[in-house]
Every structure is written in C-alpha cells, then in structure tokens.
Amino acid sequence: AGVRFNKPKGGVYLWCRLPPMVNYKNFVESSRRKGVSFIPGNIFCPFGNKGDNFIRLNYSYPSREQILQGVPLLTEALKDSMITGHT
C-alpha cells in the first residue's frame, strides 16, 4: 500500500513512512475503530516536520497471531484513508 520501512537491526519497533496520499487524521481514526493501535510519528517530531507521515509499530508486545490479524486491518485503514486524485 506504499508504506516504507527499514528492517530493524534490533529494538522492538518498526518505524514506517506512510505514502503522501494518506489523510493522516482519517487513518488514525480508522485504525482506532478497527482496534489497531500504533504510536503516531508526530509525538517524536515536536519541531520541523510534523511527523504526520510516520507511525511506529511495536512488534514485541503483541503475539504473532495479533500481528497477523492486525496487519490486514491496518492495511484496510490505510486504503480507507487514501486521498483520491492525489498527484
């Protein structure tokens, strides 16, 4: 769905960059309604870039089954939040 990330070499988080055609506020709300949580990137960007095109996912707390259930829900929320006609 256009999300970019680097495979972590350690740690417990996956830092993801969302595609530019995502309405971030709609994405956060849609994810919440679907029961999927993440840390919004804007928490880490108090100056300069607002961080609205980043999310941080924890992969150490949820079980493998929860991750396998959550990724498709997160993908749905992302697709639901795409801005049509983006150039």
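How exposed or buried is K34? Keep that in mind for the first exercise. One caution before you start: the structure above is a predicted model.

**Exercise 1. Work out how K34 sits at the surface, and which acidic partners its side chain meets.**

Step 1. Begin with accessibility. K34 has a relative accessible area of 27%. Buried would need under 20% and exposed over 50%, so K34 falls into the partly exposed class.

Step 2. Look for the partners. The side chain of K34 makes a salt bridge with E76, at 3.2 Å from N to O. Here E76 belongs to helix α2 and K34 to the loop between α1 and β3, so the pair links distant parts of the chain, 42 residues apart.

Step 3. Now go to the other acid. K34 also meets D80 in a salt bridge, with 3.6 Å from N to O. Because D80 is in helix α2 while K34 is in the loop between α1 and β3, this pair ties together parts that are 46 residues apart in sequence.

Step 4. Check the acids themselves. E76 is partly exposed at 39% relative accessible area, whereas D80, at 53%, counts as exposed.

**Exercise 2. Explain how E29 and R33 can pair up within one helix, and say what else joins them.**

Step 1. Get the distance. The closest N and O atoms of E29 and R33 are 3.7 Å apart. A salt bridge needs a side-chain nitrogen of Lys or Arg within 4 Å of a carboxyl oxygen of Asp or Glu, so the pair qualifies.

Step 2. Use the spacing. E29 and R33 are four residues apart in helix α1, which means that about one helical turn separates them.

Step 3. Compare accessibility. E29 is partly exposed, with 31% relative accessible area; R33 is exposed, with 58%.

Step 4. Widen the view. R32 joins in as well, as E29, R32 and R33 are linked in a network of salt bridges. For the model as a whole, the count comes to four salt bridges.

**Exercise 3. Decide whether S31 is buried or exposed, and list its contacts from further along the chain.**

Step 1. Place the residue. S31 is in helix α1, which covers residues 24-33.

Step 2. Read the accessibility. S31 counts as buried because its relative accessibility is 1%, and the cut-off for buried is under 20%.

Step 3. Find the contacts. With neighbours within four places in sequence left out, S31 is in contact with V36, F38, L74 and A77.

**Exercise 4. Describe the largest nonpolar core and find out which element gives the most to it.**

Step 1. Start with the members. The core has 13 residues, and L18, F27, F38, I55, L57 and L74 have the most contacts inside it.

Step 2. Sort by element. At least two residues of this core come from each of β2, α1, β4 and α2. The most come from α2, which supplies three.

Step 3. Zoom in on L18. Residues up to four places away in sequence aside, L18 touches V3, Y24, F27, D52, N53, I55 and L78.

**Exercise 5. Characterise the largest pocket: its volume, its lining and the make-up of that lining.**

Step 1. Take the volume. The largest pocket holds about 760 Å³ of space.

Step 2. Walk round the lining. There are 28 lining residues, and V36, S37, L57, V71 and L74 are nearest the centre of the pocket.

Step 3. Assign the lining to elements. β2 (13-17), β4 (54-58) and α2 (64-80) each give at least two residues, and α2 gives the most, with seven.

Step 4. Sort by class. The lining has 20 nonpolar, seven polar and one charged residues.

**Exercise 6. Set I39 beside I67: where does each lie, and what does each touch?**

Step 1. Place them. I39 is in strand β3 (residues 39-40), and I67 is in helix α2.

Step 2. Give the accessibility. I39 is partly exposed at 26%; I67 is partly exposed at 31%.

Step 3. List contacts, leaving out residues up to four places away in sequence. I39 touches Y13, F44, I55 and R56. I67 is in contact with Y59 and P62.

Step 4. Finish with C-alpha distances. I39 and N58 are 19 residues apart in sequence and 8.4 Å apart in space. For I67 and Y13, the figures are 54 residues and 13 Å.

How values were computed. Residues numbered from 1 in each chain as written. Predicted model: local features only at pLDDT ≥ 70, side-chain atom pairs only at ≥ 80, totals over all residues. Heavy atoms only, no water. Buried < 20%, exposed > 50% of the residue type's maximum accessible area, 1.4 Å probe, protein only. Contact = heavy atoms within 4.5 Å. 1 Å grid on protein atoms, 1.4 Å probe; cavity = no way out; pocket = protein on both sides within 12 Å on 5 of 7 lines; lining within 4 Å. Points joined across faces, edges and corners; volume = space filled by probe spheres on them. Nonpolar A, V, L, I, M, F, W, Y, C, P; charged D, E, K, R; others polar. Core = buried A, V, L, I, M, F, W, Y, C linked by side-chain atoms within 4.5 Å.
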